[in-house]
Amino acid sequence: MLVTLLFTTFAVCLILGVPVGISLGLAAAVYLIGADIDLSVVPQFMFAGMDSFVLLCIPGFVLAGNLMNGGGITDQIVRFGNAVVGHIRGGLGLANVLGSMIFAGISGTAVAETASIGSVMIPAMRKSGYDAPFAAAVTAAASTVGPIIPPSVPMIIVGTLTGLSVGKMFLAGAVPGLLLGLGMMVTVYILSRKRGYPKGTWSGLGHVLSTSKGAFWALLMTGVILFGIVGGFFTPTEASIVSALYAFVVGLFIYKGFKLVHLPKLMLESAIGSGALILLVGLANVFGWILTSEQIPQMIAEAMLSLTTNKYLIILLINILLLIVGTFMETIAALIILFPPLLAVATKVGIDPIHFATFAVLNLMIGLTTPPVGVCLFVAANIAKISLAAISRAIWPFLLCNILILLLVSYVPEISLWLPSFFYK
């Protein structure tokens with residue numbers, strides 16, 4: 001009865017548009033009151049969920065992303081992407097995806113990427129003759145690359161929950177992220193040829209080289225983060241601080257996109273964004289404790305293993321479950337609640353934990369662009385000034401492409417494991 005009340009309260013809050021973190025907290029409070037449990041456990045479990053050294057990565061990477069974006073990095077990335085692929089049919093759409101792949105090394109979050117790249121690319125694509133729903137769909141779909149190509153906030157959360165190496169998970173996401181981006185570029189090209197979308201003119205290798213200077217610093221930032229962690233020069237948390245200092249120097253002295261007077265505003269925005277994420281982690285931990293006390297995770301695990309112990313069928317069942325959950329639940333909340341029990345199922349049937357973490361995060365990223373409540377769809381539709389129904393119709397080719405890549409990554413472990421195995425011997 002109380003479990004039903006817990007989920008009913010959570011579902012009603014989501015339907016009413018209450019933020020996911022607050023919905024989790026309210027549902028937990030209703031359960032605790034109904035069970036006559038002292039509400040003092042709420043701050044205890046919130047603090048237990050947030051009290052992690054690894055979670056300090058989040059403010060660092062969020063600040064780095066805001067500093068690089070405020071420093072004019074988005075425009076530089078878009079110019080470079082357009083110079084490389086703009087002359088091909090559907091070139092601006094291809095540049096949109098390529099820009100997201102480069103920007104992924106900065107933001108680490110899909111929503112930030114949708115807003116940053118979309119604010120530049122959606123108006124530019126509309127002006128060049130692309131349909132508004134197509135422009136918005138490309139932007140939303142491409143944003144799923146952000147948390148796969150390192151750095152990745154969801155993978156930091158997974159490391160916090162399980163003790164898995166964040167460095168290994170960062171490396172594991174690199175190749176699947178590239179495959180995801182290339183798959184979407186193929187989709188853009190096919191649709192552009194079919195619909196007769198425009199193409200630009202080739203400006204020469206010199207133009208590509210000149211614009212590459214802007215994108216170079218973004219790519220170098222990813223390299224600094226990855227090889228600094230893999231090489232043992234600093235921990236993921238220290239890497240986030242290094243990346244913030246790097247972004248500050250590049251944005252202030254190289255791109256010159258902001259001045260010192262703008263720094264307090266950028267830091268405030270980063271603090272608000274980081275605070276919201278960490279609050280969500282704390283409230284989700286309370287919700288997760290309730291589920292654990294009611295043995296819901298064990299029930300999920302037992303139900304799956306009672307159906308089959310076949311490794312490949314378990315992968316399929318996990319993918320289906322996470323695709324459904326990802327359509328209505330925020331990624332971090334879903335990871336905190338579902339990742340531990342599903343990891344237990346995965347390891348029991350012989351799935352490598354790093355491989356599982358990679359396709360689980362990829363799965364939930366796809367959920368961010370799945371109708372009817374994919375968060376990135378709302379952001380892109382708002383920028384394009386179109387209805388949710390319009391972007392929902394336009395997103396399906398990209399969803400199918402992303403699901404195909406998901407299945408490839410899920411069933412071919414070497415795609416995600418060969419880089420970690422090469423660097424961590």
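This briefing covers a nonpolar surface patch, one pocket, one cavity and a few single residues. The model is predicted. The patch takes up about 610 Å² of surface, the second largest pocket holds about 250 Å³, and the largest cavity encloses about 30 Å³. Two residues other than glycine, Asp36 and Lys385, have positive phi values.

**Nonpolar surface patch**

- Leu313, Leu316, Ile320, Ile324, Phe328, Leu404 and Leu407 together form a nonpolar patch of about 610 Å² on the surface.
- Two helices, α15 (311–326) and α20 (396–411), each give at least two residues to this patch.
- Helix α15 makes the largest contribution to the patch, with four residues.
- Ile320, a member of the patch, is part of helix α15.
- The relative accessible area of Ile320 is 41%, so this residue is classed as partly exposed; the limits of that class are 20% and 50%.

**Second largest pocket**

- The volume of the second largest pocket is about 250 Å³.
- Its lining comprises 13 residues, and those nearest the centre of the pocket are Met101, Ile149, Leu178, Leu219 and Thr222.
- Helices α6 (91–107), α10 (166–195) and α11 (205–230) are the elements that supply two or more residues to the lining of this pocket.
- Sorted by class, the lining of the second largest pocket contains 10 nonpolar and three polar residues, and no charged ones.

**Largest cavity**

- The count of cavities of 30 Å³ or more is one.
- The space inside the largest cavity amounts to about 30 Å³.
- Its walls are formed by Leu322, Ala334, Leu335, Leu338, Phe339, Leu342, Phe356, Ala360 and Leu364.
- Two or more lining residues come from each of α16 (331–348) and α17 (353–367).
- Helix α16 has the largest share of the cavity lining, at five residues.
- The lining of the largest cavity consists of nine nonpolar residues, with no polar and no charged residue.

**Positive phi outside glycine**

- Asp36 has a phi near 60°, which is positive although the residue is not glycine.
- Asp36 sits in the loop that joins α2 (20–34) to α3 (41–50).
- With a relative accessible area of 72%, Asp36 is over the 50% limit and therefore counts as exposed.
- Lys385, also not a glycine, has a positive phi of about 60°.
- The loop between α18 (375–384) and α19 (388–394) holds Lys385.
- Lys385 has a relative accessibility of 73% and so is exposed.

**Leu226 and its separation from Leu313**

- Leu226 belongs to helix α11, one of the elements that give two or more residues to the lining of the second largest pocket.
- At 12% relative accessibility, Leu226 falls under the 20% limit and is therefore buried.
- Leu313, one of the patch residues, is 87 residues away from Leu226 in sequence.
- In space, the C-alpha atoms of Leu226 and Leu313 are 33 Å apart.

Note on methods
Residues numbered from 1 in each chain as written. Predicted model: local features only at pLDDT ≥ 70, side-chain atom pairs only at ≥ 80, totals over all residues. Heavy atoms only, no water. Patch = residues over 30% accessible without salt bridge, like charges linked within 9 Å, V, L, I, M, F, W, Y side chains within 5 Å. Areas by Shrake-Rupley, 256 points an atom, 1.4 Å probe, with all protein chains shown as cover. Salt bridge = Lys/Arg side-chain N within 4 Å of Asp/Glu carboxyl O. Buried < 20%, exposed > 50% of the residue type's maximum accessible area, 1.4 Å probe, protein only. 1 Å grid on protein atoms, 1.4 Å probe; cavity = no way out; pocket = protein on both sides within 12 Å on 5 of 7 lines; lining within 4 Å. Points joined across faces, edges and corners; volume = space filled by probe spheres on them. Nonpolar A, V, L, I, M, F, W, Y, C, P; charged D, E, K, R; others polar.
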